[in-house]
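Welcome! Take a moment to look over the structure, and then let us walk through a pocket and a sheet together.

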Amino acid sequence: MILEYEDYQFLGAASGQDGLATVQRERPDAVLLDIKMPGMDGMEVLRKLHALDETLPIIMISGHGATATAVEAIKSGAVDFFDKPLSTERVIVTLRNVLKQSELVAENRDLKIAMESKYEIVGQSPALRTVLESVQRASPTNATVLLLGESGVGKELVARTIHRNSPRAGQRFIQVNCAAIPEELIESELFGHEKGSFTGATEKQVGKFEQADRGTIFLDEVGDMSQKTQAKVLRVLQEQEVERLGSARTIKVDVRVIAATNKNLEEAIDRGEFREDLYFRLNVIPIVVPPLRERRDDIPRLVQHFAKRTTEEHNLKPKRFEPAAMDVLSRYRWRGNIRELRNTIERLMIMTPADSVRVEDLPSDIRNTESSAAPRTPVAAASSETASTGAPPKAEAQAGAAGTLREFKDASERAYLVQKLRENNWNISKTAEIIDTPRSNLYKKLEQYGIKQEVDG
Ligand SMILES: Nc1ncnc2c1ncn2[C@@H]1O[C@H](COP(=O)(O)OP(=O)(O)OP(=O)(O)O)[C@@H](O)[C@H]1O
Ligand SMILES: [Mg+2]
């Protein structure tokens with residue numbers, strides 16, 4: 001009556017045997033268990049229930065003066081016990097706490113599983129194995145690591161893995177996106193500032209380097225730092241100390257640096273955009289994370305991994321991939337690398353109505369560009385014709401005109417962007433979302449390649 005009055009659903013069982021069967025059938029959130037019962041007594045039921053499900057919270061109900069039994073029950077895994085006669089207040093409070101507690105335990109377990117699988121590096125291809133070997137060697141040291149690779153290949157994942165396997169794992173991992181911070185804020189972001197050190201500095205701010213003290217700082221998109229920032233960062237790396245803006249005091253910091261970029265830094269140095277001395281500081285242990293198309297063997301495994309994760313995250317029914325569909329996925333070009341693959345699989349798991357994913361379910365661009373994924377076509381002899389002819393620029397068409405690898409990459413990227421923009425009616429936000437790049441980056445590319453919206457007719 002107490003429980004029903006409190007809006008709990010309540011199931012009664014007249015004996016231990018009956019209780020066991022009810023638990024197995026109904027999977028309750030908690031059990032109130034009498035000790036003295038005919039047939040199987042409460043202690044035995046407790047042990048049996050525990051063997052069935054270790055996490056099921058069981059509260060014993062003991063008769064007058066059975067304290068010794070109650071203690072024994074707690075030792076055998078009961079979470080609490082009530083004396084008869086039951087106090088309404090105590091039943092309600094205890095039950096509420098017990099349920100809250102098991103909710104937290106369940107949540108915690110789910111989070112842990114989610115975290116573990118989130119940070120799992122999936123794949124066994126030789127190319128990836130080389131990366132993992134470097135990770136293993138670099139992790140226990142304090143050496144600076146420079147992660148190189150295209151967008152979406154897993155640089156951040158590798159950086160986190162190094163930190164988690166390092167002696168600094170118990171300390172913080174601080175990520176700084178060097179490209180996203182406006183030039184005029186970067187110093188205060190990295191080094192912090194004192195209250196009142198500049199207009200707008202209404203509060204003291206501790207910089208990223210200080211936050212990362214004794215831990216790891218991850219300088220992401222390091223190739224996009226301004227000259228001024230490069231000079232500042234170089235100084236911290238040399239001196240291992242920072243000064244907050246508006247403070248004369250220097251603060252010693254002990255940070256392990258991991259940097260990442262999708263830029264070719266050596267070319268940036270040649271163009272005078274990146275400091276060579278900073279490059280040498282960062283490039284102690286370079287780890288190149290190869291693009292997905294150079295480790296296609298990993299694709300089926302990655303597909304399964306992301307499918308499972310999406311299913312769990314969104315409470316979906318598992319789906320299988322038909323071999324032909326898996327084949328198409330394995331041969332696609334994946335310019336956005338693993339991030340693009342992950343997004344595609346998530347979308348498929350959510351949007352595909354049937355139990356299995358067939359070729360027809362795949363997005364049309366993945367199905368259609370399938371043949372161009374295999375780089376079998378030799379590059380045609382350079383012609384004076386460039387992409388300015390009216391036909392939609394296919395990567396292959398432009399590749400013919402491209403002399404250097406750089407030119408080829410640029411031409412392909414340009415063609416890809418134009419194609420995607422067209423598909424999305426030149427809606428920049430939408431396109432950026434679909435190709436999974438920040439809008440700012442897309443704008444930058446449009447400017448870089450001089451892409452302008454085509455007007456119909
Ligand atoms: N081997 C892998 N196994 C499982 N998941 C991976 C793997 N590699 C990358 N991922 C996942 O792919 C996504 C993109 O990876 P990440 O953000 O690390 O790439 P990145 O190289 O930092 O890209 P960008 O240069 O665009 O910042 C993340 O969700 C990451 O967890
Ligand atoms: Mg990244």
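## The second largest pocket

The second largest pocket has a volume of about 830 Å³. Please keep in mind that this is a predicted model. Rolling a probe the size of a water molecule over the atoms shows where empty space is left.

Which residues lie nearest the centre of this pocket? They are Phe-10, Leu-11, Ala-30, Val-31 and Leu-32, out of 32 residues that line the second largest pocket.

## What the lining is made of

Several helices and a strand contribute here. At least two lining residues of the second largest pocket come from each of α1 (2-5), α2 (16-26), β1 (31-34), α3 (42-52) and α5 (88-118). The largest share belongs to α2, which supplies five residues of this lining.

By residue type, the lining of the second largest pocket holds 21 nonpolar, six polar and five charged residues.

## A sheet of three strands

Now let us turn to the strands. Strands of a sheet pair through backbone hydrogen bonds, either parallel or antiparallel. In this model, three strands form an open sheet in the order β1-β2-β3, with parallel pairing. At its edges are β1 and β3, each of which pairs on one side only. On average, neighbouring strands of this sheet are turned by 30° against each other, direction ignored.

β1, whose residues also help to line the second largest pocket, runs parallel to β2 and is joined to β2 by four bridges. Following two of the residues across, you will find Leu-32 with Ile-59 of β2 as its bridge partner, and Leu-33 with Met-60 of β2. Together, β1, α3 and β2 make a right-handed β-α-β unit.

On to the next pair: β2 and β3 (residues 80-83) are parallel as well, and they pair over four bridges. Here Ser-62 has Asp-83 in β3 as its bridge partner.

## The strand in the middle

Is β2 buried or exposed? Five of the five residues of this strand (residues 58-62) are buried, so β2 is largely enclosed by the rest of the structure.

It helps to look at the two faces separately. In a regular strand the side chains alternate between the two faces of the sheet. For β2, one side carries Ile-58, Met-60 and Ser-62, while Ile-59 and Ile-61 are on the other. All of these residues are buried, and both faces of β2 are thus covered.

Definitions and conventions. Residues are numbered from 1 along each chain as its sequence is written. Chains are lettered from A and ligands numbered from 1 in the order in which they are written. This is a predicted model: local features need pLDDT of at least 70, side-chain atom pairs count only at pLDDT 80 or more; totals for chains, interfaces and linings use all residues. Side-chain values use heavy atoms; hydrogens and water are left out. On a 1 Å grid over the protein atoms alone, a cavity is a set of points where a 1.4 Å probe fits but cannot get out, and a pocket is an open set with protein on both sides within 12 Å along at least five of seven lines; lining residues have an atom within 4 Å of a point. Grid points are joined across faces, edges and corners, and a volume is the space filled by probe spheres set on the points. Ala, Val, Leu, Ile, Met, Phe, Trp, Tyr, Cys and Pro count as nonpolar, Asp, Glu, Lys and Arg as charged, and the others, Gly among them, as polar. Buried means under 20% relative accessible area, exposed over 50%, partly exposed in between (1.4 Å probe, protein chains only). Two strands pair if DSSP finds at least two bridges between them. A crossover is right-handed if, with the strands pointing away from the viewer, the path from the first strand over the helix to the second runs clockwise. Axes are lines fitted to C-alpha atoms, for helices over the stretch in contact, and angles run from 0 to 180 degrees between N-to-C directions.
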